[in-house]
Amino acid sequence: MTEMHGTTIIAVRKEDKIAIGGDGQVTLGHTIFKSKSQKIRTLYNGDVLAGFAGATADAFNLFERFEAKLKEFKGNLKKAAVELAKEWRSDKYLRRLEAMIIAINKDDLYVISGTGDVIEPDDNIAVIGSGGAYALSAARALVKHSELNAFQIVEESLKITADICIYTNHNRTILEK
């Protein structure tokens with residue numbers, strides 16, 4: 001899987017709650033270009049929470065296509081994710097898009113990439129972006145050693161990551177369901 005630089009996106013499922021969050025930093029080369037970008041969205045009438053890492057225009061294009069797949073498959077996140085990944089990998093234009101998506105609903109959690117990956121994590125935590133490894137480490141520790149809920153785990157993981165990763169800032173957007 002290709003690592004995307006310039007952001008951290010994390011999704012967590014804990015008990016009956018889901019949350020997804022991301023920082024707001026947009027990096028252009030080695031310069032912070034914007035600090036309050038919105039990389040988290042609700043899709044399919046609010047049933048699916050999604051976030052992206054990578055080129056913004058590419059991600060918006062993919063979100064539109066993903067929303068269409070969700071409608072086509074009546075909200076079936078697994079089917080929509082697989083079909084998006086297949087289209088993404090096989091289409092000459094889409095293949096060049098540089099972005100990754102995390103999508104979560106009450107039943108499923110996936111990382112979707114242009115290389116055809118649709119990955120369902122083992123531990124109900126998914127991350128993408130250059131700060132992903134830091135956020136994953138923090139979230140795993142918080143799930144195991146705290147009573148925090150999904151929203152709080154995402155929030156604390158993003159805070160920890162922003163203190164370590166130069167491509168992640170403290171401006172956060174977090175959605176929960």
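Q: Hi! Let's start with one side chain: is Phe60 buried, exposed or partly exposed?
A: Phe60 is partly exposed, with a relative accessible area of 34%. Keep in mind that this is a predicted model.

Q: Okay, so what is the mean pLDDT of the chain?
A: The mean is 90, and 93% of the residues reach 70 or more.

Q: And where is confidence lowest, and where is it highest?
A: The lowest is in strand S3, residues 26–28, with a mean of 83. Helix H4, residues 150–164, has the highest, at 98.

Q: Back to the rings. How many aromatic pairs does a search of the whole structure find?
A: It finds 2 aromatic pairs. In one of them, Phe52 and Phe60 meet edge-to-face, with 5.8 Å centre to centre and 65° between the planes.

Q: Is Phe52 buried or exposed?
A: Phe52 is buried: its relative accessible area is 2%, and the cut-off for buried is under 20%.

Q: What about Phe52 and Phe63, how are those rings arranged?
A: They form an edge-to-face pair too, at 5.6 Å centre to centre with 80° between the planes.

Q: Which parts of the chain does that pair link?
A: Distant ones: Phe52 sits in strand S6 (residues 48–54) and Phe63 in helix H1 (residues 56–72), 11 residues apart.

Q: Is Phe63 buried or exposed?
A: Phe63 is buried, with a relative accessible area of 5%.

Q: Nice. Which residues form the aromatic cluster, then?
A: Phe52, Phe60 and Phe63 form one cluster. Phe52 takes part in the pair with Phe60 and in the pair with Phe63.

Conventions: Residues numbered from 1 in each chain as written. Heavy atoms only, no water. pLDDT = per-residue confidence, 0-100. Helix = DSSP H or I, 4+ residues; strand = E, 2+ residues; numbered from the N terminus. Phe/Tyr/Trp six-rings, centres within 6.5 Å; stacked < 30°, edge-to-face > 60°. Buried < 20%, exposed > 50% of the residue type's maximum accessible area, 1.4 Å probe, protein only.
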